[in-house]
Amino acid sequence: MDPDPAHDRLINQCLDEYAATQHQKRAAANAIQDAIAARLDDDGLNYHAIEHRVKDHQSLEQKLRRRNPDGSLKYADGLSGIDDIIGARVITFLQLDVERAITALRNSFEVIAHVDKTAEQREKGEFGYSGQHLVLRISEDAAPNGCRHHIGERFEVQFRTILQHAWAEFEHDIRYKSAGPVPPEVNRAFTLASGLIELADNQFSTISNVVAAEKANPDESTRLLPEDLTGEALERILEHSLPNNPRSRIEQYEWLRELLETHGITTVAQASELMGSADWEGIARRIQYKFAPGHVRAADDLLLVRYGQEHIDKTQSLGHDRNRLGKLNHRLRRLRDEPGTQR
């Protein structure tokens, strides 16, 4: 297609504008990644990795040059029409963890769009790229901590299981970095692999549910835990006490052990008694969780119920969350409200 001088001028103007603000985009991307990690960790959710990137000059130019079938620029509005200049990716182990992560971030940012690529494939009766995309914006009304300097910034978050991620990354390398057309047998192989990955993801979810049900019942392995409290022991105690809640990241159980230690809870017997006597349903009614929290978040709220302000005073500086004090104060207020009270 013949070049259009007007199109070139618009594209060059956009690229100049982007070059002048690219450092701001990088700062915003770092703040967004930190906010995503803080929210998922605060909810005690398990995930494999969080990644982020800012589009480079070449990638942005390629996108700006895309055209509609009639020859007009696809992004005639320039940078304001592109939602993924800042991009993030949340990679989980299970499909259910994808749904929980989406719910968490929908409550932290303003939602502009939600595209379910997996559902689109199923509606077409096809196999291919699976994942979910949220286009989000940092709003002035509810900007996460650390994002106040980036009000109005839009970004896209992709959510994938670790198997979906492996397929997508390999497919991208082959299809988009190939020197020529991809052979039909390669396309067929990718389609077959996509179907197998969907099957494997479903089986992983089944396995997780079966294992959770088994661990809800006391067995010999639970009774034979060591006397001294460890992160691993806490994971098993909470799997028994909260079988329907998602497991947290491995390192979070060790952090929970530190929280318990500040209150003199240092043995498996003490922790088992605390978790076993908890009114988990009552805590959930007062906090009004958007979804079942991870083990460690639920246990942290239990400690707030049991020790109140003392828990805040003793643990506000533990961990990497610089905003823990404010969050604990907010949660304690909710826990002291009458059930059903709205804030």
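**Group meeting: the sheet and its helices**

Let me start with one pair: Glu110 stands opposite Arg137 in strand β4. Bear in mind that this is a predicted model.

That pair belongs to the ladder between β3, residues 110-116, and β4, where six bridges join two antiparallel strands. On to the next neighbour. β4 is also joined by six bridges to β5, residues 154-161, and that pairing is antiparallel. Here Leu136 has Phe155 of β5 as its bridge partner.

How enclosed is β4? Five of its six residues, in the stretch 132-137, count as buried, so the strand is largely enclosed by the rest of the structure.

Now the whole sheet. It is open and has five strands, ordered β1-β2-β5-β4-β3, with mixed pairing. The edges are β1, residues 49-54, and β3; each has a single partner strand, so one side of each has no neighbour in the sheet. From one strand to the next, the twist averages 20°.

Next, the helices on the sheet. α1 lies across β1, β2 and β5, and runs at about 170° to β1. Helix α4, residues 117-124, packs on the sheet too, where it touches β3 and β4; its direction makes about 35° with that of β3.

Last, helix against helix. α1, residues 5-42, packs with α3, residues 95-106, at an angle of about 115°, and the axes are 10 Å apart. The crossing is right-handed. Which residues make the contact? From α1 they are Ile36, Arg39 and Leu40, and from α3 they are Ala101, Ala104 and Leu105. By class, that is five nonpolar residues, one charged and no polar.

Conventions: Residues numbered from 1 in each chain as written. Predicted model: local features only at pLDDT ≥ 70, side-chain atom pairs only at ≥ 80, totals over all residues. Heavy atoms only, no water. Buried < 20%, exposed > 50% of the residue type's maximum accessible area, 1.4 Å probe, protein only. Helix = DSSP H or I, 4+ residues; strand = E, 2+ residues; numbered from the N terminus. Pairing = 2+ DSSP bridges. Axes fitted to C-alpha atoms, helices over the stretch in contact; angles between N-to-C directions. Left-handed = near helix turned anticlockwise from the far one by under 90°. Contact = heavy atoms within 4.5 Å. Nonpolar A, V, L, I, M, F, W, Y, C, P; charged D, E, K, R; others polar.
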